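Colleague: I'd like a close look at the inside of this protein, meaning its packing and the empty space left in it. Could you walk me through that part?

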Amino acid sequence: MDHFRLEQVADDAWSAIALPDTGAVGNAGFIRVGENTIVFDTFVSTAAADELRIAAEVVAPVAYAINSHWHGDHVNGNKSFDDVPIVSTERTRELLEEHGRDVVLPTTVFAERLELDGAVVETLGGGHTESDAFLWFEDSVFTGDLVVVESHPWVGHGDVEHWLEILDAFEPRRPRVIVPGHGPVGSVEDIPPLRRYLQALLDGTASAVDGWAFADGHERNVEALRP
């Protein structure tokens, strides 16, 4: 794979972890449900998304593609899936239209929860952005940028206080596998460090975390939350 590292994280779930300096940027993945696959997020380019579709269809035909939120590194590859339903929250589709994104828009929207052939795509509202969706499948969760691992998240388009509430809702469900929006595959143990960082941003005490990617993003975060 030129754009991502494919990793099987469960019997019927695969992560597609973005490789540096490629057409992926954000992570993606897919699951197998019955005779089909469901893709979660579509990268920042059609080149990477085409590669993702090929990988998914080695397992089974793609039945749906899900957009976690409106940022380009998670939706710009939608064109590679324009022949299947593309799923997002109602607000994510609105945000894509409002921001004038030149992207294939979601065709199937939901308000809170949508069952897709045994998998469940949900939203608890806005955290990283005004509206964020995540995909639960057995003991795995694909979170989009609601969870990032060993990476500084971007907070400028969201609601950090509600983001913390969403993380509080994730943790008791004890996912064995978290496929994050950025960074390596994680687990429930990766939620507390992210929560501490977000809380410190709110408290005005945060500093860049040693070893985390996107260190430049920390200063952007501080500026974004400055009164």
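**Inside the model**

Modeller: Let's begin with the little hole: the lining of the largest cavity is made up of five nonpolar, three polar and one charged residue. Keep in mind that this is a predicted model. The residues around that cavity are Asn27, Ala28, Phe40, Asp41, Phe142, Gly144, Val179, Pro180 and Gly181. Strand S11 (140-144) and strand S12 (177-180) each give at least two residues to this lining. Its volume comes to about 30 Å³, and the structure has one cavity of 30 Å³ or more.

Two of those lining residues, Pro180 and Gly181, also turn up in the packing. Setting aside neighbours within four places in sequence, Val147 touches both of them, along with Leu167, Phe170, Ile178, His182 and Leu194. Val147 belongs to the largest nonpolar core, a set of 24 residues, and is listed with Leu167, Phe170 and Leu198 as having the most contacts inside it. Strand S10 (133-137), helix H4 (160-170) and helix H5 (191-203) each supply at least two residues of this core. There's also a second, separate core of 21 residues, with Ile31, Ile66, Val87 and Phe110 among them. In soluble globular proteins, nonpolar side chains tend to be buried together.

His182, one of the contacts of Val147, leads us to the open space. The largest pocket has a volume of about 460 Å³. It is lined by 26 residues, and those closest to its centre are Val25, Ser151, His182, Gly183 and Phe214. By class, the pocket lining has twelve nonpolar, nine polar and five charged residues.

How values were computed. Residues numbered from 1 in each chain as written. Predicted model: local features only at pLDDT ≥ 70, side-chain atom pairs only at ≥ 80, totals over all residues. Heavy atoms only, no water. Core = buried A, V, L, I, M, F, W, Y, C linked by side-chain atoms within 4.5 Å. Buried < 20%, exposed > 50% of the residue type's maximum accessible area, 1.4 Å probe, protein only. Helix = DSSP H or I, 4+ residues; strand = E, 2+ residues; numbered from the N terminus. Contact = heavy atoms within 4.5 Å. 1 Å grid on protein atoms, 1.4 Å probe; cavity = no way out; pocket = protein on both sides within 12 Å on 5 of 7 lines; lining within 4 Å. Points joined across faces, edges and corners; volume = space filled by probe spheres on them. Nonpolar A, V, L, I, M, F, W, Y, C, P; charged D, E, K, R; others polar.
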